[in-house]
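Colleague: Before I use this model at the bench, I would like to know what stands behind the words used to describe it. Can we take them one at a time?

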Amino acid sequence: MNQSANLYRLQVIDSKLEMLNRQVHHLHRQIADEREISVIRKIIEEQTAFLSQLESQLNDISSKTASMRTKMEQSNSTLYGKANKSPKELQDLQMEIASLGKHLPPLEEQELDLMVSVEAEQQKLSILQGQLKTSVEFKAKSHLDFEDQIAIVTKEIEKLTVERDATSKSVPQDALALYTRIQQVKSGIAVVEVIDSGCSSCGAEISKSEWQEARTSTTLIYCQGCGRIIYGN
Ligand SMILES: [Zn+2]
């Protein structure tokens, strides 16, 4: 086997390794991706703040209406009670009852509206909490799937790494160093095949004699278009 064939084998292994490493990286990123969950958490946070604001408004208004009702009962029972009252006292009581009778109903209406709103917002919050639970469970399940996939890919990487070590031992040191240098500057591809008389990477024409030389020569032949090593297959 000539040198370019061994380097080509190395190239095939390296390209596979690169693809598999990218896969592992992508899987780790998917595991770390918590975007959907953070969006739901943020909405829940806002909903909780809004709900507590409504609840505190409702508490205020409820304590106001409760104290007005108590006051009205007290004034009514004083008005109709047996104790003697001066005409001024009677008039004051009547005025107070009339004023309470005027102001209480609109407040009670507001209280009722707020009760309805609080209930609706509580329901929304509980739906959101359900969504969060579902998302967290789904994410946990996906984690397991991703971990399984990572284990499979990692095993494949280990196998290829052993194969790569063995293959690189069959290549002379200087050729290996050259291969690595070309890989570094040529997007990881150092060795190209000849397909339809052209370089499989840049498409430049490879003459029959160049191809022959790549097949038989002990020295390496390079593509004139991209400078990569030609594999004389
Ligand atoms: Zn080329």
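Modeller: A residue counts as exposed if 12 or fewer other C-beta atoms lie within 10 Å of its own, and as buried if there are 20 or more. Keep in mind that this is a predicted model.

Colleague: What makes Ser187 exposed?

Modeller: Ser187 has 9 other C-beta atoms within 10 Å, and the limit for exposed is 12 or fewer. Ser187 is therefore exposed. The residue sits in the loop between α4 (173-185) and β1 (191-192).

Colleague: What is notable about phi of Ser187?

Modeller: Phi of Ser187 is near 50°, which is positive, and the residue is not a glycine. Most residues other than glycine have a negative phi. Asp196 also has a positive phi, of about 50°, and is not a glycine either.

Colleague: Where is Asp196, and why is it called exposed?

Modeller: Asp196 is in the loop between β2 (194-195) and β3 (198-199). Asp196 has 8 other C-beta atoms within 10 Å, and 12 or fewer is the condition, so Asp196 is exposed.

Colleague: Why is Ser117 called partly exposed?

Modeller: Ser117, in helix α3, has 16 other C-beta atoms within 10 Å. Partly exposed covers the counts between the limits of 12 and 20, so Ser117 is partly exposed. For the chain, buried residues are 11% of the 233 residues.

Colleague: How do you know that α2 is roughly antiparallel to α3?

Modeller: Helix α2 (residues 35-79) packs against helix α3 (residues 87-169) at about 160°, with the axes 7 Å apart. Angles over 145 degrees count as roughly antiparallel, so α2 is roughly antiparallel to α3. The crossing of α2 past α3 is left-handed.

Colleague: What kinds of residues make up the contact of α2 with α3?

Modeller: The contact has 24 nonpolar, 14 polar and eleven charged residues.

Colleague: How many helices and strands does the chain have, and what makes it more spread out than a compact globule?

Modeller: There are five helices and four strands, in the order α-α-α-α-β-β-β-α-β from the N terminus. The radius of gyration is 41 Å, whereas the globule rule gives 17 Å for 233 residues; 41 Å is well over that, so the chain is more spread out than a compact globule. Along its principal axes the C-alpha trace spans about 130 × 35 × 25 Å.

Colleague: What separates the centres of domain 1 and domain 2?

Modeller: The centres of domain 1 (27-159) and domain 2 (172-230) are 71 Å apart, taken over C-alpha atoms.

Technical notes
Residues are numbered from 1 along each chain as its sequence is written. This is a predicted model: local features need pLDDT of at least 70, side-chain atom pairs count only at pLDDT 80 or more; totals for chains, interfaces and linings use all residues. Axes are lines fitted to C-alpha atoms, for helices over the stretch in contact, and angles run from 0 to 180 degrees between N-to-C directions. Helices (H or I, at least four residues) and strands (E, at least two) are DSSP runs, numbered from the N terminus. Angles under 35 degrees count as roughly parallel, over 145 as roughly antiparallel, 65 to 115 as roughly perpendicular and the rest as oblique. A crossing is left-handed if the near helix is turned anticlockwise from the far one by less than a right angle, and right-handed if clockwise. Ala, Val, Leu, Ile, Met, Phe, Trp, Tyr, Cys and Pro count as nonpolar, Asp, Glu, Lys and Arg as charged, and the others, Gly among them, as polar. Domain bounds come from an automatic or database domain assignment. The radius of gyration is taken over C-alpha atoms; the globule rule is 2.2 Å times the number of residues to the power 0.38.
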